[in-house]
Amino acid sequence: MERCETLIIQPLIIPKYILQTEALERRLPPYHPKKGILENKARSLRAGYNGELALDFPLSFLPEEQYLIFYYLRLSDASGSFQMDTLILSTNFMLIIEAKNMKDHVIYNDMGQTIRIENEKEQAYINPVDQVNLQHLRLLRWIRQFKFPTIPIEKIVVYTNPKMLLKNQSNDKSLSEKVMHKEKILSKIDEFAATHTSKCLTENQLMELSYQLTSAHTPKEEKVMEKYDVYFEELRKGVICPKCKSMPMRWHKAKWFCEHCHKVSKTAHKHALSDYALLISDYINNRQARELLQLESLYVAKRLLQKECVEQFGVKSGRKYKLDFRKLLNE
């Protein structure tokens, strides 16, 4: 199959709350009581994003003239907010994809539970089929408010690790039609297309629905410091070495130098500034930057801020610099 330039309406960009969780984890000292909790959470969130990333390649083969793709679409309804990993639109049907990135064995048992086996230990977790069924219901109700013609909504659960073993021990014989590895996703979409041959939406209605979805999208925002009850004073200050992760690096002759592994970098401060933007504020002044970067020189801090920040406000000691964490991370 030839790869196409699929029309992606809501692009795949790593959500801010994942970057915030990772920033907080790396800024906590090793002895902090929340360190282990944040390590597990950051690992889980990154694995989920990597699962979405793994779907991006096979979905890129879908024809642009037939499908529209939305990643991490988050909508609000009377019950709060709900997020879909991937939503695919066509004039004939819609498809919700719940992506899972696991390395363990996963069993669907006859009690409706989903069990993962890691190191010979069993652990129950939320049944992703139930998750995607609820997303289906909420999306259906959300669409009805706009009086669009009825359109079928399909849903599947896709595991992105090809080495992960799936077992169906339930009495639900249709489970294999809903749960699959990512290698089956394109053939499954072809099956849906062969089933739903009648147009439910005109091209104009499809574009209107796409507009309504993107307009209603509300990215998840978290005050991660408050969520985990952590204060700025508890965070480790300094520039983290991009090679060995030790800190702080020292500024010497217009470069950052790691005394542990001797790594030299001109840009290592960018990640420290992005951590500040993710955890504390989009705005920083010279004094705050010197504390964060562990710099003594007011001039060096000023030069680095002027180079990296998108805007600056105020004059002299009242000057503040605006940080853009995505620009700093090149996300």
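This short talk walks through the strands, salt bridges and aromatic pairs of one predicted model.

Let me begin with strand E4, since several pairings meet there. Strand E4, residues 94–100, is mostly covered, with 7 of its 7 residues buried. In a regular strand the side chains alternate between the two faces of the sheet. In E4, Met-94, Ile-96, Glu-98 and Lys-100 point one way, while Leu-95, Ile-97 and Ala-99 point the other way, and all of these residues are buried. You will notice that Glu-98 and Lys-100 are on that list, along with Met-94 and Ile-96.

What does E4 pair with? One partner is E3, which runs antiparallel to E4 and is joined to it by 4 bridges, and within that pairing Leu-87 stands opposite Ile-96 in E4. A hairpin connects E3 to E4 through 4 residues. Another partner is strand E8, residues 153–159, which pairs with E4 in the parallel sense over 7 bridges, and here Glu-98 stands opposite Val-157 in E8.

While we are on E3, I would like to point out Gln-83, which is found in that strand. Gln-83 has a relative accessible area of 21%, and because the buried class ends under 20%, this residue counts as partly exposed. Leaving aside neighbours within four places in sequence, Gln-83 is in contact with Tyr-17, Tyr-72, Leu-73, Arg-74 and Gln-135. As for Ile-153, which is 70 residues away along the chain, its C-alpha atom is separated from that of Gln-83 by 16 Å.

Let me turn to another sheet, an open one of 4 strands in the order E7-E6-E5-E9, with mixed pairing. Its edge strands are E7, residues 121–125, and E9, residues 166–168, each of which pairs on one side only. Neighbouring strands of this sheet are turned by 25° against each other on average, with direction ignored. Strand E6, residues 114–118, pairs with E7 in the antiparallel sense over 5 bridges, and Ile-115 is found opposite Ala-124 in E7.

Now to the charged side chains. Side chains of opposite charge can pair when their charged atoms come close. How many salt bridges does the structure hold? There are 14. One of them joins Glu-25 to Lys-35, with the closest N and O atoms 3.2 Å apart. This pair links distant parts of the chain, given that Glu-25 belongs to helix H1, residues 16–27, and Lys-35 to helix H2, residues 35–59, with their positions 10 residues apart in sequence. Are Glu-25 and Lys-35 buried or exposed? Both are buried.

A salt bridge in a rather different setting, if I may put the accessibilities beside it, is that of Glu-203 with Lys-199, where the closest N and O atoms are 3.7 Å apart. Glu-203 is partly exposed, at 41% relative accessible area, and Lys-199, at 57%, counts as exposed.

Then there is Lys-270 with Glu-308, the closest N and O atoms being 3.9 Å apart. Lys-270 lies in helix H8, residues 269–279, and Glu-308 in helix H10, residues 298–308, so this salt bridge ties together parts that are 38 residues apart in sequence. Glu-308 has a relative accessibility of 6% and therefore counts as buried. Finally, Arg-26, Arg-27 and Asp-275 are linked in a network of salt bridges.

Last come the aromatic rings. A pair of aromatic rings is described by the distance of the centres and the angle of the planes. The count here is 9 aromatic pairs. Why is the pair of Tyr-49 and Tyr-72 called stacked? The ring centres are 6.5 Å apart and the planes meet at 10°, and because planes under 30 degrees apart count as stacked, the pair falls in that class. Tyr-49 lies in helix H2 and Tyr-72 in strand E2, residues 68–77, so the pair ties together parts 23 residues apart in sequence. Tyr-49 is buried, at 9%, and Tyr-72 is buried, also at 9%.

The rings of Phe-93 and Phe-192 have their centres 6.0 Å apart and their planes at 55°, so this pair is tilted. Phe-93 sits in the loop between E3 and E4, whereas Phe-192 is in helix H5, residues 185–195, and the two are 99 residues apart. Phe-93 and Phe-192 are both buried, and together with Tyr-67 they form one aromatic cluster.

Two lysines also lie over ring faces: Lys-220 over Tyr-17, at 4.5 Å from the ring centre, and Lys-237 over Phe-232, at 4.4 Å.

Methods. Residues are numbered from 1 along each chain as its sequence is written. This is a predicted model: local features need pLDDT of at least 70, side-chain atom pairs count only at pLDDT 80 or more; totals for chains, interfaces and linings use all residues. Side-chain values use heavy atoms; hydrogens and water are left out. Two strands pair if DSSP finds at least two bridges between them. Axes are lines fitted to C-alpha atoms, for helices over the stretch in contact, and angles run from 0 to 180 degrees between N-to-C directions. A salt bridge is a side-chain nitrogen of Lys or Arg within 4 Å of a carboxyl oxygen of Asp or Glu. Buried means under 20% relative accessible area, exposed over 50%, partly exposed in between (1.4 Å probe, protein chains only). Rings of Phe, Tyr and Trp (its six-membered ring) pair if their centres lie within 6.5 Å; planes under 30 degrees apart count as stacked, over 60 as edge-to-face and the rest as tilted. A charge sits over a ring if NZ of Lys or CZ of Arg is within 6 Å of the ring centre and within 35 degrees of the ring normal. Contact means heavy atoms within 4.5 Å.
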